[in-house]
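Please walk me through this protein model, starting with its open spaces and ending with a few of its helices and cysteines.

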Amino acid sequence: MIEYHADDYGLFPEQSRHIIDCYRTGVLNGISIMPNSPYLKECMDEIADIRGKLLVTVHLNIVEGKPLMGDKVPRLIDKLGNFNDSFVKLFFISYIPVLRLFYRRELRKEIAAQINACEPYMNGDSFRIDGHVHYHMIPVVFDALMDVIKEKELKVSYIRFPREEISVYQQAKKNIKDVKLLNIVKVMVLNCLVRRNQRKYAEEIAGMNLERKMFMGVMLSGHMFYENVKALLPIAADTLADKGFNEIEVLFHPGDVSLETDIIQLTSKDDREFLTSSNRLKEAEALKKLGSNLKR
């Protein structure tokens, strides 16, 4: 099975409609939902009739907007109350004695609140979990997540481990475009963090009996266009069996933020640049073309 997945659902109503159009006229079958968005309930109510047909995942977010815990997590926010910690900063904090304990405590509070906020929208009796900009793989963040899972005795069926098979891209290099050096670095960093997290929590992860999926989407993050994905999928399918997987999650970001009233609400500079890019429209087009404009 291929999970054609879109992140950031629920951030804004109009942006979320752009995402769900990729289900109604394309192959999209999974969404990650923004726990701290003030529009989450409105956006989830809009898809009440089809939610059960989608793989719905908690998109842990400590990047964009305000925390659900407000000023109870002061280390995570700026003077305006918005999230304000970079990936690099949290990575280094993960290895600073004492300081990492303070951050881990606050992250536990916010992660627990975000998971709780998404509980009404999960299909079945378990949670699927990933993270905005993959922050959930940062050691201090992942440690806090595992604390919450243990303390709350949560049933979790899936955690996204964004480890890419670089060989897939090497084999397809003549037929794909837009591989950026920055994304290569991201893949290398995330692959290392995945190994760290899976190794440290091997026993706990085995006990959860998580879905095991190959992953694809960081190497071409921002450029998951039709021709690129079309070239990669056959190679990825051949790689599945070799790596012991039965399924693959292919990540897209088709939700463009186009309304000025929404754009001014974005608090992350990187999100503002990424989510307002015309590339979001191209990724939405890819999801529709991959289904030959399937209507459902």
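The paragraphs below take the pockets, then the cavity, then two helices, and last the cysteines.

The model is predicted. Rolling a probe the size of a water molecule over the atoms shows where empty space is left. In this structure, the largest pocket has a volume of about 1,100 Å³. Its lining is made up of 40 residues. Nearest the centre of this pocket lie Val 133, Leu 182, Lys 186, Asp 270 and Phe 274.

Several elements contribute to that lining. Strand E1 (2–9) supplies at least two of the residues, and each of the helices H3 (87–93), H7 (181–200), H11 (269–275) and H12 (279–290) does so as well. The most comes from H7, which gives six residues. Sorted by class, the lining of the largest pocket holds 16 polar residues, 15 nonpolar ones and nine charged ones.

The second largest pocket contains about 340 Å³ of space. It is lined by 18 residues, and those nearest its centre are Phe 161, Gln 198, Arg 212, Lys 213 and Phe 245. Two or more lining residues come from each of strand E5 (156–159), helix H7 and strand E6 (213–216). Here E6 gives the most, with three residues. H7 thus appears in the linings of the largest pocket and the second largest pocket. By class, the second largest pocket is lined by nine nonpolar, seven charged and two polar residues.

Apart from the pockets, the structure holds one cavity of 30 Å³ or more. The space in the largest cavity comes to about 40 Å³. Around this cavity are Leu 60, Asn 61, Ile 62, Ile 111, Gln 114, Gly 131, Tyr 135, His 136 and Val 141. Five residues of the cavity lining are nonpolar and four are polar, while none is charged.

Next come two of the helices. Helix H4 spans residues 99–118 and includes Ile 115. Ile 115 counts as buried because its relative accessibility is 2%, and buried means under 20%. The C-alpha atom of Ile 115 is separated by 9.7 Å from that of Leu 154, although the two residues are 39 residues apart along the chain.

Helix H9 covers residues 226–243, 18 residues in total. From its first C-alpha to its last, H9 reaches 25 Å, which is close to the 26 Å expected at 1.5 Å a residue. H9 nevertheless bends by about 30° at Leu 233. A proline, Pro 234, follows within four residues of that position. Leu 233 is itself one of the buried residues of H9. The others are Asn 228, Val 229, Ala 231, Leu 232, Ile 235, Ala 236, Thr 239 and Leu 240.

How many disulfides does the structure have? The count is zero. A disulfide requires a pair of cysteine sulfur atoms within 2.5 Å. For Cys 118, the closest cysteine sulfur is in Cys 43, and at 12 Å it is too far for a bond. Is Cys 118 buried or exposed? Cys 118 is buried, because its relative accessible area is 0%. Cys 192, in contrast, is partly exposed, with a relative accessible area of 43%.

Conventions: Residues numbered from 1 in each chain as written. Predicted model: local features only at pLDDT ≥ 70, side-chain atom pairs only at ≥ 80, totals over all residues. Heavy atoms only, no water. 1 Å grid on protein atoms, 1.4 Å probe; cavity = no way out; pocket = protein on both sides within 12 Å on 5 of 7 lines; lining within 4 Å. Points joined across faces, edges and corners; volume = space filled by probe spheres on them. Nonpolar A, V, L, I, M, F, W, Y, C, P; charged D, E, K, R; others polar. Buried < 20%, exposed > 50% of the residue type's maximum accessible area, 1.4 Å probe, protein only. Expected span 1.5 Å × (residues − 1). Bend = angle between axes of the 7 residues up to and from the residue.
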